[in-house]
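I opened this model to look up the ligand surroundings, the helix packing and a few backbone details. My entries follow in the order in which I made them.

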Amino acid sequence: MKIIVTDEVAQEGLALLAQDPRVELDVKLGLKKEELLAIIGDYDVIITRSGTTVNRELLDAGKKLRLVARAGVGIDNVDVDYASSRGVIVVNAPFGNTNSAAEHAMALLLSFCRNVTRANGSLKSGEWKRAPFTGYELKGKTAGVIGLGKVGGRVATRLKAFECDVLACDPYIAVKRAHDLGVKLVSHDEIYKNCDIITVHTPLTDETRNMIGERELAMMKDGVIIVNAARGGIIEEAALLKYLESGKVAGAAVDVFSEEPPKSEYLKKLIGHERVVVTPHLGANTFEAQVNVAVDVSREILNYLDDQPLENAVNIPRFDLALMDQMRPFLNLMNTLCEFGIQLLDANISKIVFGFSGSIAHYDCTPLTVCGLASILNRMVDQDVNMVNASLIAEGMGIVVEESKTTHADAFSNLITIVVEGEGGKRRTISGTLFEGLPRIVRLRDYSMDFAPEEHMLLLHYADRPGMIGKIGTIMGQHEINIASMNLGRSEKKGEAMVILSLDSAVPPQVLEEVRAATDATFIKAIHMPGARCSRSCGCTA
Ligand SMILES: NC(=O)C1=CN([C@@H]2O[C@H](COP(=O)(O)OP(=O)(O)OC[C@H]3O[C@@H](n4cnc5c(N)ncnc54)[C@H](O)[C@@H]3O)[C@@H](O)[C@H]2O)C=CC1
Ligand SMILES: O=C(O)C(=O)COP(=O)(O)O
């Protein structure tokens, strides 16, 4: 696995990768966009921080890319949707720098309130001035935290320690979290109207981009102090500058910018404003945090190499590890059913229903559905389909995917049924169960069957009449194809019959034609099942 590291990532983490003989690690910092585009095609994995933009262009150039590892929280520099559509996994390190980011927000706020940076500059230049650096206390102020997640929660706790009254706003958290933190949950507008200090801790998304602009700033109390150590672009910087200049905003403490490094005139003006304290995106820059995130992403890459579940993948459905362990035999069954079923299809698919009945239906069956879908689509499209892009690809192909569950068990304690609907309402049904831990197919269309799928099989339908089995046996014998087992299903006496043969070798096309002619088969298909175990084309770990 070739890994490129494009931003500074702590050695303690990279060492874990470097010592693995399967890994070739290249640290290439400060590459220009064109330079990175020229070489990314050689790599399977890219490790970045916020300094590298992983956009469509880079993902397209990264023909071999399988994983984007972001050594930090924010993934706004990664086009996750596009990575998903290409089946590229994106992982981040969501916990390792939380504390550093929270402490930095406090450091910035206190620096502004006590004029630390300005007084520091003044004293170092030889002055001894005190009156111009008179500041504000935090005690008794009303502070508003927007985004009460990992960082916001820690900032709230620290503001309380400084004896602030803390209000918070976060439409996506449980009210209990605010209770547990001892803060009052209010609306965005209540924060804007009532707070002396406002600090943002949301991700940058379409919803939060320019969330605090002209309207919101106008609503704020005179003399408000604003902190942004989350992402540039959540607060409209031009509007912030305007309200600083008008005096309505007493001061701002800013670690992050919509353009990094900032080049625009208005950003330079904002940074240069005397009541603004700035740092160049240093929230996560502590020795502790950098070791944490580097180790976290490196471990995640090793998990990927070892086919272990990924804990911090942002674009793979997250499954409980204990649940995955229980699901493993069923993943194998699902894969077998899909591999078998897809070979019987002769029409375009419009809908796939994954049905689960029996005790399995008590569990979250999403991992099974996603693996099954990936397994089917892998046979249909050129692109590699895995758990990351299976749903997106199905959607793009106009295939409706449904899941149905019933805890009621019929003849089998657990049963998986896949119903594929094609053009003109054509339906194909296949059901299977586990017998002594191994997959068995127990229903095909309307026929009850019972067989363990083997590598080489032949399936045919014909009008039931005496002598057919003998004819098939003779043809197979003439071509030295040994029949290991046979399964016969029929709808009624002398009705249509379905025969499944398990064979010791593959059936060549001319033999298939001979059997078709001899039996007047209405349907005949040689089935190839490459392995009884999951081929892992879907990216699962069964
Ligand atoms: N300056 C730096 O170096 C660092 C910056 N960060 C940034 O800090 C921010 C927060 O990080 P975490 O706390 O780890 O993320 P998190 O995901 O734990 O918390 C974000 C919170 O924002 C909330 N949220 C989302 N949309 C919202 C909206 N419209 N209004 C109010 N709340 C909303 C979410 O519900 C969530 O609770 C992120 O933008 C992250 O990238 C994180 C670490 C270091
Ligand atoms: O983790 C985050 O979201 C950060 O903003 C830290 O960014 P960085 O890794 O320091 O470029």
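Entry 1, ligand 2. I began with ligand 2, whose surrounding residues are R49, S50, G51, A71, G72, V73, G74, N97, H281, G283, A284 and N285. I sorted this shell by class and got 3 nonpolar, 8 polar and 1 charged residues. I noted at this point that the model is predicted.

Entry 2, ligand 1. I then listed the shell of ligand 1, which has 33 residues. The closest of them are G74, G147, G149, Y172 and G283. I looked up which elements give two or more residues to this shell, and they are helix 5 (98-113) and helix 7 (150-161). Helix 7 provides the largest share, 3 residues. By class I recorded 17 nonpolar, 11 polar and 5 charged residues around ligand 1.

Entry 3, domains. I took the division of the protein chain as domain 1 (2-96 + 288-305), domain 2 (98-278), domain 3 (320-453) and domain 4 (454-528). Where does ligand 1 lie with respect to domain 1 and domain 2? Both domains give residues to its shell, so I placed ligand 1 between them. I also looked up the distance between the C-alpha centres of domain 2 and domain 3, which is 51 Å.

Entry 4, helix 5 and helix 7. I returned to the two helices from the shell of ligand 1 and checked how they pack. Their axes come within 8 Å and cross at roughly 45 degrees, which makes helix 5 oblique to helix 7. I noted the crossing as right-handed. On the helix 5 side the contact is made by T98, N99, A101, A102, A105 and M106, and on the helix 7 side by K150, V151, R154, V155 and R158. I counted 6 nonpolar, 2 polar and 3 charged residues in this contact.

Entry 5, helix 11 and helix 12. I looked next at helix 11 (residues 237-246) and helix 12, whose axes come within 10 Å and cross at roughly 45 degrees. Helix 11 and helix 12 are therefore oblique to each other. I recorded a left-handed crossing for this pair. Helix 11 contributes E237, A238, L240 and L241 to the contact, and helix 12 contributes Y266, L267, K269 and L270. By class I found 6 nonpolar, no polar and 2 charged residues there.

Entry 6, helix 17 and helix 18. I looked up the angle between helix 17 (residues 468-478) and helix 18 (residues 509-519), which is about 160 degrees, with the axes 10 Å apart. I therefore wrote helix 17 down as roughly antiparallel to helix 18. The crossing of helix 17 and helix 18 is right-handed. From helix 17, M468, K471, I472 and I475 meet V511, E514, V515, A518 and T519 of helix 18. I classed the residues of this contact as 6 nonpolar, 1 polar and 2 charged.

Entry 7, backbone details. I ended with the backbone. Which residues are joined by a cis peptide bond? They are E260 and P261, with omega at about -5 degrees. I located P261 in the loop between strand 11 (249-254) and helix 12 (265-272). I also noted D307, which has a positive phi of about 60 degrees although D307 is not a glycine. D307 lies in the loop between helix 13 (287-305) and helix 14 (321-342).

How values were computed
Residues numbered from 1 in each chain as written. Chains lettered and ligands numbered in written order. Predicted model: local features only at pLDDT ≥ 70, side-chain atom pairs only at ≥ 80, totals over all residues. Near = placed C-beta within 6 Å. Nonpolar A, V, L, I, M, F, W, Y, C, P; charged D, E, K, R; others polar. Domains from an automatic or database assignment. Axes fitted to C-alpha atoms, helices over the stretch in contact; angles between N-to-C directions. Parallel < 35°, antiparallel > 145°, perpendicular 65-115°, else oblique. Left-handed = near helix turned anticlockwise from the far one by under 90°. Contact = placed C-beta atoms within 7 Å.
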